[in-house]
Amino acid sequence: MQVGTESKQFVWERSEYQSWLAQYERDGFVVIENVLSDAELALVKSELQPYLDQNVTGRNNFEGVRSNRIYATLNKSVAVAELCQHPLALKFAEAELGASCLLSACLAINLLPGESVQPWHYDTGHLEIPRPRAAYGVSTFWALDETTDINGATEVIPGSHLWGTEVPAGALDDDHFAAHHLEHEDEVDCAEGAIKVTMAAGSLMIAKGTLWHRGGANESDAPRLILTPQYCPGWSRQLENMMAAVSRSKVAALPDRVQQLIGYSIHPPFMGYVDGVHPARVLSDK
Ligand SMILES: O=C(O)CCC(=O)C(=O)O
């Protein structure tokens with residue numbers, strides 16, 4: 001079964017798209033409800049489950065010491081590929097970043113009961129380019145579980161994609177990545193105007209790479225699972241080295257568009273070449 005194709009044929013002239021785009025530009029994010037069917041959700045979750053069962057928890061306060069993060073998901077799940085190339089996600093990513101955009105990261109985040117809020121951050125914070133500025137990134141958040149007020153729904157500060165040098169209290173700093181920094185954040189660091197983006201399972205949030213946000217606290221007694229494919233311009237470095245993260249044999253079986261998103265593509269005129277030729281050629285070389 002192909003995820004993302006069974007129930008909805010997205011017609012881009014639809015007025016909904018214009019209204020989604022207007023929200024995305026105004027608030028820095030948009031939520032599109034109930035994109036995936038139950039069967040599509042079940043397939044992705046079942047493919048991620050063996051890795052969740054390993055229960056590897058985060059190494060610091062950013063990853064979350066009561067969270068499972070599954071990286072290199074395209075090397076682990078075929079169904080994930082369909083979410084990466086979902087037409088809704090690509091519509092926004094290509095409009096923001098150009099047709100040569102790449103997949104920068106694609107991880108599953110499972111907040112376990114007891115997890116505290118994450119430090120505030122924006123997903124292109126690693127780019128040392130002064131704000132306000134273009135997004136230079138699009139992050140998608142697929143709710144694989146329902147996300148609620150109490151299980152850690154992602155929190156966002158609407159409009160913060162337009163901010164310059166403002167930084168909310170409780171923002172990420174280098175110390176949050178330090179292995180010794182394992183304490184939980186305090187709820188007091190709730191930024192003014194912040195909201196919890198609660199979503200039904202199968203819904204999608206699309207956010208600009210400049211939007212301040214954080215994972216919420218999980219005060220429920222069940223885990224909260226999302227998948228977050230993130231896109232960058234074709235001329236910038238991916239956060240996860242996708243060419244290395246996805247084995248050559250697995251890449252060969254992926255859809256063409258996903259191969260391109262991984263890096264088997266060029267940013268015109270020739271960024272990304274291999275030995276002087278198009279990188280996709282290496283997939284057919286024996
Ligand atoms: O878990 C979440 O809801 C958000 C996580 C996040 O923004 C991140 O880790 O970059």
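This tour proceeds through a predicted model, one selection at a time.

**The whole chain**

Begin with the protein chain in a cartoon representation. Its secondary structure amounts to eight helices and nine strands. Of the 286 residues, 53% count as buried. When contacts with a separation of 6 or more are considered, 85% of them join residues 24 or more positions apart. Switch to a surface representation next: the accessible surface of the chain is about 12,900 Å², and carbon and sulfur atoms hold 53% of that area.

**Helix 1**

Select residues 15-27, which form helix 1. Does its length agree with what is expected of a helix, or disagree? At 1.5 Å a residue, the 13 residues should span 18 Å, and the end C-alpha atoms are indeed 18 Å apart, so the two values agree.

Now display the side chains of Tyr17, Trp20, Tyr24 and Asp27, the buried residues of helix 1. Viewed down the helix axis, the buried residues fall within an arc of 120°, and therefore line one face of the helix. On the other side of helix 1, select Ser15 and Arg26, both of which are exposed.

Which elements does the buried face pack against? To answer this, add strand 1 (29-32), helix 4 (87-97), strand 4 (138-143) and strand 7 (204-208) to the selection; the buried residues of helix 1 pack against these elements. Before leaving this region, select Gly28, just after helix 1, where phi is positive at about 90°.

**The ligand site**

Centre the view on the ligand and show the residues that surround it: Phe62, Arg69, Ile109, Gln118, His121, Asp123, Thr154, His213, Gly215, Arg224 and Ile226. Three distances in this site can be displayed in turn, each from a polar side-chain atom to an oxygen atom of the ligand:

- For Gln118, the distance is 2.9 Å.
- For Thr154, the distance is 2.6 Å.
- For His213, the distance is 2.8 Å.

How much of the ligand does the protein cover? On its own the ligand has 290 Å² of accessible area, and the protein covers 96% of that.

**Ser67 in strand 2**

Move to strand 2 (67-70) and select Ser67, which is found in this strand. Is Ser67 buried or exposed? Its relative accessibility is 1%, and it is counted as buried because this value is under the 20% cut-off. Beyond its neighbours within four places in sequence, Ser67 is in contact with Val56, Thr57, Gly58, Asn110, Leu111, Leu112 and Glu115. Show these residues as sticks to see the surroundings of Ser67.

**Backbone features**

The next selections concern backbone angles. Most residues other than glycine have a negative phi, and most peptide bonds are trans.

Select Asn34, in the loop between strand 1 and helix 2 (38-53). Although Asn34 is not a glycine, its phi is positive, at about 50°. Asn34 counts as partly exposed, with 44% relative accessibility.

Then select Asn55, in the loop between helix 2 and strand 2. Asn55 is likewise not a glycine and has a positive phi of about 50°. Its relative accessible area is 45%, and Asn55 is partly exposed.

Two peptide bonds follow. In the loop between strand 3 (102-111) and strand 4, locate Pro132. The bond that joins Arg131 and Pro132 is cis, with omega at about -5°. Then go to Pro269, in the loop between helix 7 and helix 8. The bond from Pro268 to Pro269 is also cis, and omega is near 5°.

**Pro279, the last stop**

Remain in the loop between helix 7 (256-262) and helix 8 (281-284), where Pro279 is found. How accessible is Pro279? Its relative accessible area is 0%, and Pro279 is buried because this lies under the 20% cut-off.

Display the residues in contact with Pro279, leaving aside its neighbours within four places in sequence: Gly263, Tyr264, Ser265, Ile266, Gly272, Tyr273 and Val274. To finish, show the C-alpha distance between Pro279 and Ser265: the two residues are 14 residues apart in sequence and 6.0 Å apart in space.

Terms used
Residues numbered from 1 in each chain as written. Predicted model: local features only at pLDDT ≥ 70, side-chain atom pairs only at ≥ 80, totals over all residues. Heavy atoms only, no water. Helix = DSSP H or I, 4+ residues; strand = E, 2+ residues; numbered from the N terminus. Expected span 1.5 Å × (residues − 1). Buried < 20%, exposed > 50% of the residue type's maximum accessible area, 1.4 Å probe, protein only. Arc of directions from axis to C-beta. Contact = heavy atoms within 4.5 Å. Near = heavy atom within 4 Å. Polar contact = N/O pair within 3.5 Å; in protein donor to acceptor, adjacent residues only side chain to side chain. Areas by Shrake-Rupley, 256 points an atom, 1.4 Å probe, with all protein chains shown as cover.
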